[in-house]
Amino acid sequence: DKYYSVRMRAAKNGSYKHGGKHISGGELLSTYSNMKQAVNDLLEKGLNHSRGNPDFMQIQFELIDEPIKFMKPLQVATNEVESVEMGQALCRKLLEKAGIERKIIEKAYKNMTEYSGIRGAILIDIHSGERIDDRKDKGVRVSRMDWLNTNFKKWADYYNIPKYSRIKEALVLATKVSEHPSTVAELCWSDDPEYITGYVATKKLGYQRITKLKEYGDERGCRIFFVDCLRDLNSYIHYLEKQPVLIQR
Ligand code: PML
């Protein structure tokens, strides 16, 4: 079966080009015969969002020519913490465990206010602590990945993980990103003001959820990929944006 990449993005107070505010985005892979369902799932995701009702939305699909890579999902662990401070301390500990020096982590955090409001991910070199992608306020949007629902549900049942599409989508992205040899770690929390769980992910440590990484009401999200030995930035970004990936347990 051929697959199509289906993508949605929604904004408020004008389109993206005209300074609109990001409301929501979504990615999935679909066969042609399942397209109606796929488009509808993304439509619903964009319509019902705690960041507000969009007045701009795009849904597009595109045939994928490249062969699909199949990957097993990262192992999931949930770390319950009592406060944002404890959550953020655990974040730093996990990033250090992943091999990132303390001073680089602090540098990334210091620059974070500058990056918040970026829709995609930013890439940080673990040696200099500098941002190395050239995507300005757009960031890099990881794309062309999915986990077919029947397979996801079996996995979620087996590991007793809530079947929220939010967890599924984040784990799909984290798995794809961590699979690239130049990725050292990912750090992420949502820009959804009502969602405060985030994660640190690496191939070795797995997908480490942390239950409090920001306060309720905070609309500042974070998605950083810490990278090492990046000889070819363009091919790394090409992998993130273009390599089709399906997760399968
Ligand atoms: C997002 O929705 O923007 C990111 C969510 C990350 C955490 C998902 C989870 O609960 O594991």
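In which crossing, right-handed or left-handed, does helix 2 pass helix 3? In this predicted model, the crossing of helix 2 past helix 3 turns out to be right-handed. The pair involves residues 84-97 for helix 2 and residues 102-110 for helix 3, with axes that come within 9 Å and cross at roughly 135°. Helix 2 is therefore oblique to helix 3, since angles over 145 degrees would be needed for roughly antiparallel.

Now for the ligand. Its surroundings are made up of Arg166, Ile167, Cys188, Ser190, Tyr195, Thr197, Tyr199, Tyr207 and Arg209. Sorted by class, that shell comes out as five nonpolar, two polar and two charged residues.

Three side chains put an N or O atom next to a ligand oxygen. For Tyr207, the side-chain N or O atom sits 2.6 Å from an oxygen atom of the ligand. With Arg209, the corresponding distance from a side-chain N or O atom to a ligand oxygen is 2.7 Å, and with Arg166 it is 2.8 Å. On its own, the ligand has 340 Å² of accessible area, and the protein covers 89% of that. As for where the shell comes from, helix 6 (165-178) and strand 10 (206-210) are the elements that each supply two or more of its residues.

Note on methods:
Residues numbered from 1 in each chain as written. Predicted model: local features only at pLDDT ≥ 70, side-chain atom pairs only at ≥ 80, totals over all residues. Heavy atoms only, no water. Near = heavy atom within 4 Å. Polar contact = N/O pair within 3.5 Å; in protein donor to acceptor, adjacent residues only side chain to side chain. Areas by Shrake-Rupley, 256 points an atom, 1.4 Å probe, with all protein chains shown as cover. Helix = DSSP H or I, 4+ residues; strand = E, 2+ residues; numbered from the N terminus. Nonpolar A, V, L, I, M, F, W, Y, C, P; charged D, E, K, R; others polar. Axes fitted to C-alpha atoms, helices over the stretch in contact; angles between N-to-C directions. Parallel < 35°, antiparallel > 145°, perpendicular 65-115°, else oblique. Left-handed = near helix turned anticlockwise from the far one by under 90°.
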